[in-house]
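Okay, thanks everyone, I'll keep this short. Have a look at the model on the screen, and then I'll walk you through what I pulled out of it.

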Amino acid sequence: MEPYKGQGGIQMLLSAEQEAQLIVSNARTLRNKRLKQAQEEAEREAAQYRSQMEEEYQKSISETTGSSGSNVRKLEEETDANIRNIKRSASKVSSDVVDMMLKYISNVKV
């Protein structure tokens with residue numbers, strides 16, 4: 001009876017070892033699936049973040065460029081107005097300047 005008991009114990013150990021290997025194998029498989037899921041999720045989040053940052057960057061560029069274009073137009077309008085004012089002022093005093101120059105040129109000091 002003793003020899004059968006020893007053989008039964010070995011069979012139980014072998015069966016327990018196979019069951020443990022199966023459990024470990026299943027755990028590894030689940031772990032690998034979870035790691036793959038985590039990696040895919042991280043890649044999705046990174047892509048989403050990247051696209052969000054790109055969108056904000058493009059928006060800031062368009063705002064800067066847009067305001068730059070309007071600033072250029074505004075500066076051109078101001079410059080044109082200043083030129084018109086200077087021409088108007090010059091035309092008002094040009095006759096006085098010509099008279100003053102003629103006066104100094106025609107008076108000869110001896």
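Quick bit of vocabulary before we count anything: helices here are DSSP runs of H or I with at least four residues, and strands are E runs of at least two. On that basis, the protein has one helix and zero strands. And do keep in mind that this is a predicted model.

So how does the overall form come out? The C-alpha trace spans about 155 × 30 × 5 Å along its principal axes. The radius of gyration is 46 Å, whereas a compact globule of 110 residues would be near 13 Å. Here's a nice way to feel that: take Arg-88 and Ala-46, which are 42 residues apart in sequence, and you find their C-alphas 62 Å apart in space.

Next up, what percentage of the 110 residues is buried? The answer is 0%. Buried means under 20% relative accessible area, and Arg-88, at 45%, counts as partly exposed. That arginine has its place in helix α1.

On to the surface. The accessible surface comes to about 10,600 Å², and carbon and sulfur atoms account for 57% of that. Charge-wise, there are 17 positive and 17 negative side chains. The centres of those two sets lie 6 Å apart.

Which residues form the negative patch? They're Glu-76, Glu-77, Glu-78 and Asp-80. Glu-77 is found in helix α1, which covers residues 2–106. With a relative accessible area of 56%, Glu-77 is exposed, because the cut-off for that label is over 50%.

There's a nonpolar patch too, about 630 Å² of surface made by Val-93, Val-97, Met-100, Met-101, Tyr-104 and Ile-105. Let me pick out Ile-105, which also sits in helix α1. Ile-105 has a relative accessible area of 62%, so it counts as exposed.

To wrap up, then: one helix, no strands, 0% of residues buried, plus a negative patch and a nonpolar one on the surface. That's me done, happy to take questions.

Definitions and conventions: Residues are numbered from 1 along each chain as its sequence is written. This is a predicted model: local features need pLDDT of at least 70, side-chain atom pairs count only at pLDDT 80 or more; totals for chains, interfaces and linings use all residues. Side-chain values use heavy atoms; hydrogens and water are left out. Patches are made of residues with over 30% relative accessible area and no salt bridge: like charges are joined within 9 Å, nonpolar side chains (Val, Leu, Ile, Met, Phe, Trp, Tyr) within 5 Å. Accessible areas come from the Shrake-Rupley method with a 1.4 Å probe; for residues, only the protein chains shown count as cover. A salt bridge is a side-chain nitrogen of Lys or Arg within 4 Å of a carboxyl oxygen of Asp or Glu. Lys and Arg count as positive and Asp and Glu as negative; His and the chain ends are not counted. The place of a charge is taken as NZ of Lys, CZ of Arg, CG of Asp or CD of Glu. Buried means under 20% relative accessible area, exposed over 50%, partly exposed in between (1.4 Å probe, protein chains only). The radius of gyration is taken over C-alpha atoms; the globule rule is 2.2 Å times the number of residues to the power 0.38.
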